[in-house]
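Trainee: Please pick one part of this model and take me through it closely. Then show me how that part sits in the whole.

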Amino acid sequence: DSFDAFTWRGTVQYQFTPELMAYIGYSEGFGAGGISVPNLPQYPDIPTQIPYEPETLENVEIGVRADWLSGRLRTNLTLFDGSYDDIQVTNYLFTRCYESTACDGPLTQIPNLHLTNAAKADVRGVELESVFYPGDDWTVNLNVGYLDTEYTEVGAAADAIRPGAPFAQAPEWTVAASLQ
């Protein structure tokens with residue numbers, strides 16, 4: 001299989017003053033599909049290759065970039081709202097066992113995973129990035145992010161996720177600070 005897509009990004013920005021700029025943009029993203037190879041010959045009902053489709057993302061972003069205190073403080077504030085279609089997620093494998101002693105019923109989950117496509121998901125959030133130069137030899141960075149993710153439809157991933165569930169490994173809040 002091969003996967004390709006034409007995606008684009010468009011942004012309009014306005015420079016209010018030399019220190020203040022704002023923008024709004026739209027972008028599309030694409031993640032290629034592929035094939036999961038479980039390699040479980042002891043289970044004849046598990047396919048040797050499990051294909052998954054590409055995922056796409058449409059995203060709208062609004063941002064403000066500003067310099068303060070004669071250029072000693074820079075802040076970047078970004079709000080975004082995105083919508084995934086066919087988002088790729090990790091799903092469980094199940095077997096009907098066929099006389100295996102490891103089975104405990106007509107359909108048993110096995111400890112192997114594969115990629116599949118969930119139907120849809122939304123992601124939205126806000127990020128604040130800031131850099132402060134208190135003196136010639138010092139830099140202070142502070143970044144704060146808020147992320148709200150949600151699967152809105154789950155399709156083939158119904159065994160692994162449910163509608164309304166947040167993304168795995170996508171923290172709601174992130175904070176990073178540094179002093180150099």
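Mentor: Start with Tyr-146. Its relative accessible area is 26%, which makes it partly exposed. Keep in mind that this is a predicted model. Why "partly"? The term covers values between the buried limit of 20% and the exposed limit of 50%. Tyr-146 has 26%, so it falls in that middle band.

Now look at the ring. The structure holds 5 aromatic pairs. One of them joins Tyr-146 to Trp-173, with 4.9 Å from centre to centre and 55° between the planes; the pair is tilted. Why tilted? Stacked planes are under 30 degrees apart and edge-to-face planes over 60, so 55° fits neither label. The pair also links distant parts of the chain. Tyr-146 belongs to strand β10, residues 138–153, and Trp-173 to strand β11, residues 173–179. In sequence the two are 27 residues apart. Trp-173 itself is exposed, at 53% relative accessible area. The exposed label needs over 50%, so Trp-173 passes that limit.

Stay in strand β10 for a moment. Thr-139 lies there too. Thr-139 is buried, at 16% relative accessibility. The buried label applies under 20%, so Thr-139 qualifies. What does Thr-139 touch, apart from neighbours within four places in sequence? On one list are Val-131, Phe-132, Tyr-133 and Pro-134; Ser-178, Leu-179 and Gln-180 complete it. Val-131 and Phe-132 fall in the residue range of β9, 120–135. Ser-178 and Leu-179 fall in the range of β11, 173–179.

Go on to strand β9, residues 120–135. Val-123 lies in that strand. Val-123 is buried, with a relative accessible area of 10%. Its contacts, not counting residues up to four places away in sequence, include Leu-147, Asp-148 and Thr-149. Those residue numbers fall within β10, 138–153. Val-123 also touches Leu-57, Phe-80, Asp-81, Gly-82 and Tyr-84. Phe-167 is 44 residues from Val-123 along the chain, yet their C-alpha atoms are separated by 9.1 Å.

Two of those names return in another group. Tyr-84, Tyr-151 and Phe-167 form one aromatic cluster.

Next, two loops. Gln-169 is in the loop between β10 and β11. It is exposed, at 84% relative accessibility. Gln-169 has a positive phi, near 55°, though it is not a glycine. Asp-86 shows a positive phi as well, about 55°, and is not a glycine either. Asp-86 is found in the loop between β6 (73–85) and β7 (88–95). Asp-86 counts as partly exposed, at 30% relative accessibility.

Now the start of the chain. Phe-6 lies in the segment before β1, which spans 9–17. Phe-6 is exposed, at 72% relative accessibility. Phe-6 and Phe-30 are 24 residues apart in sequence, and 8.5 Å apart from C-alpha to C-alpha. Strand β2 covers residues 20–31, and Ser-27 has its place there. Ser-27 counts as buried, at 16% relative accessibility. Beyond its neighbours within four places in sequence, Ser-27 contacts Trp-8, Arg-9, Leu-57, Glu-58 and Asn-59. Leu-57 is also on the contact list of Val-123.

Finally, step back to the whole chain. It has 0 helices and 11 strands. Read along the sequence, every element in the pattern is β. A compact globule of 180 residues would have a radius of gyration near 16 Å, but this chain has 23 Å. Its C-alpha atoms fill a box of roughly 75 × 35 × 30 Å along the principal axes. Buried residues make up 31% of the 180. Take contacts between residues at least 6 apart in sequence: 60% of them join residues at least 24 apart. The pair of Tyr-146 and Trp-173 spans 27 residues. The accessible surface is about 11,600 Å², and carbon and sulfur atoms hold 54% of it. For charge, there are 8 positive and 25 negative side chains, with the centres of the two sets 7 Å apart.

Technical notes: Residues are numbered from 1 along each chain as its sequence is written. This is a predicted model: local features need pLDDT of at least 70, side-chain atom pairs count only at pLDDT 80 or more; totals for chains, interfaces and linings use all residues. Side-chain values use heavy atoms; hydrogens and water are left out. Rings of Phe, Tyr and Trp (its six-membered ring) pair if their centres lie within 6.5 Å; planes under 30 degrees apart count as stacked, over 60 as edge-to-face and the rest as tilted. Helices (H or I, at least four residues) and strands (E, at least two) are DSSP runs, numbered from the N terminus. Buried means under 20% relative accessible area, exposed over 50%, partly exposed in between (1.4 Å probe, protein chains only). The radius of gyration is taken over C-alpha atoms; the globule rule is 2.2 Å times the number of residues to the power 0.38. Contact means heavy atoms within 4.5 Å. Accessible areas come from the Shrake-Rupley method with a 1.4 Å probe; for residues, only the protein chains shown count as cover. Lys and Arg count as positive and Asp and Glu as negative; His and the chain ends are not counted. The place of a charge is taken as NZ of Lys, CZ of Arg, CG of Asp or CD of Glu.
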